[in-house]
Amino acid sequence: MEIRTDLYLGDSKKMLKKLKDNSVDLVVTSPPYADQRKNTYGGIHPDKYVEWFLPISKELLRVLKPTGTFILNIKEKVVEGERSTYVMELIIAMRKQGWLWTEEFIWHKKNSYPGKWPNRFRDSWERLLQFNKSKQFHMYQEEVMVPMGDWAKNRLKNLSETDKKRDNSKVGSGFGKNISNWVNREKAYPTNVLHLATECSNKNHSAAFPEELPEWFIKLFTKEEDVVLDPFMGSGTTLLVANRMRRHSVGIDIVPEYYNMVREQLKPVALYILEPETLYEQTESDRRIAIR
Ligand SMILES: C[S@@+](CC[C@H](N)C(=O)[O-])C[C@H]1O[C@@H](n2cnc3c(N)ncnc32)[C@H](O)[C@@H]1O
């Protein structure tokens, strides 16, 4: 089967309305953070962030399949010496909108260089919030297993009696562990912390994320020929990786320069432009055909 890429040039708030209900398996995206990068593609005031994002997350909820997942890469900025609270407010507002807040992964930027500010240290992590539409979402955990690592060599050499039976969590979480289960295993499940370097050599975009980031979530939440959406695609990292991994992809960006850059790289099947209310399909010869 041919793998498809669809690109949309315009505001996600409007463009997402053109996508079908329950048509996407995974959304991975990094929207503009409040007020940052004002000079490149505009910023949203921290007090207005939730109000700005909710119409977009409402559309994402509609287009996501019940088995799908939404990964939102975001971090609150510091304003006058205090962390903003818009991410927390957004989580609460999205839950009211109907989303389940299933998990929070941390992206540890392992190559952050040291620095010091009067009242804080270098910020070297970002949130990757996982939202779902239902508890029955697809998750292919075996796809992201990691080598057991050196801890296992010592820890598993001399097992105590407790290690040989299931040891239930003392806090009543329902979790338990049986250390002896890991003897002779080569791979273990990872944690919810992703240690990835930031992308330095990336593609003419000031805020591109490393390819390993969408790659990890695409492996974990999709299989071949599923559909991956990035409504703030920027340089198209999510789409490029999805394409390489034989997933269909849909990308939206408001800046023509990024749209054209991704278009050059991926030779998409379909290109869409909304001007102002009519949706045009743009052909390879740059003609526009009104479709909706
Ligand atoms: C943080 S960057 C994404 C970077 C991307 N993950 C990458 O690897 O290149 C956010 C992108 O959102 C785009 N953007 C901002 N507001 C938008 C909107 N309302 N609709 C669609 N795209 C928007 C910007 O042009 C920018 O490219």
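This report describes the overall form, the nonpolar cores and two buried helices of a predicted model.

**Overall form**

The chain has 292 residues and contains eight helices and 19 strands. Its radius of gyration is 21 Å, which agrees with the value near 19 Å that a compact globule of this length would have. Along the principal axes, the C-alpha trace spans about 75 × 55 × 40 Å. Among contacts with a separation of 6 or more, 67% join residues 24 or more positions apart.

Buried residues make up 45% of the chain. The exposed surface comes to about 16,000 Å², and 51% of this is supplied by carbon and sulfur atoms. The chain carries 46 positive and 40 negative charges, and the mean positions of the two sets lie 4 Å apart.

**Nonpolar cores**

In soluble globular proteins, nonpolar side chains tend to be buried together. The largest nonpolar core here has 38 residues, of which Phe70 and Leu229 touch the most other members. Two or more residues each are given to this core by strands E2 (24-29), E3 (64-74), E9 (125-132), E15 (227-230), E16 (248-253) and E17 (270-274), and by helices H3 (49-63) and H4 (86-97). Helix H3 gives the largest share, seven residues.

Leaving out residues up to four places away in sequence, Phe70 touches Val27, Thr29, Phe53, Leu60, Leu64, Met94, Trp99, Leu129, Gln130 and Phe131. A second core, separate from the one around Phe70, has 21 residues, including Ile71, Phe209, Ile218 and Phe221.

**Helices H6 and H7**

Seven of the 10 residues of helix H6 are buried, so H6 is largely enclosed by the rest of the structure. The buried residues are Leu213, Pro214, Trp216, Phe217, Ile218, Leu220 and Phe221. Two of these residues, Ile218 and Phe221, also belong to the second core.

Leu213 lies in H6. Its relative accessibility is 0%, and it therefore counts as buried, the limit being under 20%. Apart from neighbours within four places in sequence, Leu213 is in contact with Trp107, Leu128 and Leu196.

Helix H7 covers residues 237-244; six of its eight residues are buried, so H7 too is largely enclosed by the rest of the structure. The buried positions are Thr237, Thr238, Leu239, Leu240, Val241 and Ala242. Their cover includes strands E1 (5-9), E2, E15 and E16, together with helices H6 (212-221) and H8 (256-266). After H7 comes Arg246, which has a positive phi, near 60 degrees.

**Two C-alpha separations**

Pro46 is in the loop between helix H2 (38-41) and H3. With a relative accessible area of 12%, Pro46 is buried. The table sets out its separation from Asp25 beside that of Leu213 from Thr238.

| Residue pair | Separation in sequence | C-alpha to C-alpha distance |
|---|---|---|
| Leu213 and Thr238 | 25 residues | 8.5 Å |
| Pro46 and Asp25 | 21 residues | 30 Å |

The pair Leu213 and Thr238 joins a residue of H6 to a buried residue of H7. H6 is also among the elements that cover the buried residues of H7.

Note on methods
Residues are numbered from 1 along each chain as its sequence is written. This is a predicted model: local features need pLDDT of at least 70, side-chain atom pairs count only at pLDDT 80 or more; totals for chains, interfaces and linings use all residues. Side-chain values use heavy atoms; hydrogens and water are left out. Helices (H or I, at least four residues) and strands (E, at least two) are DSSP runs, numbered from the N terminus. The radius of gyration is taken over C-alpha atoms; the globule rule is 2.2 Å times the number of residues to the power 0.38. Buried means under 20% relative accessible area, exposed over 50%, partly exposed in between (1.4 Å probe, protein chains only). Contact means heavy atoms within 4.5 Å. Accessible areas come from the Shrake-Rupley method with a 1.4 Å probe; for residues, only the protein chains shown count as cover. Lys and Arg count as positive and Asp and Glu as negative; His and the chain ends are not counted. The place of a charge is taken as NZ of Lys, CZ of Arg, CG of Asp or CD of Glu. A nonpolar core is a set of buried Ala, Val, Leu, Ile, Met, Phe, Trp, Tyr and Cys residues joined through side-chain atoms within 4.5 Å.
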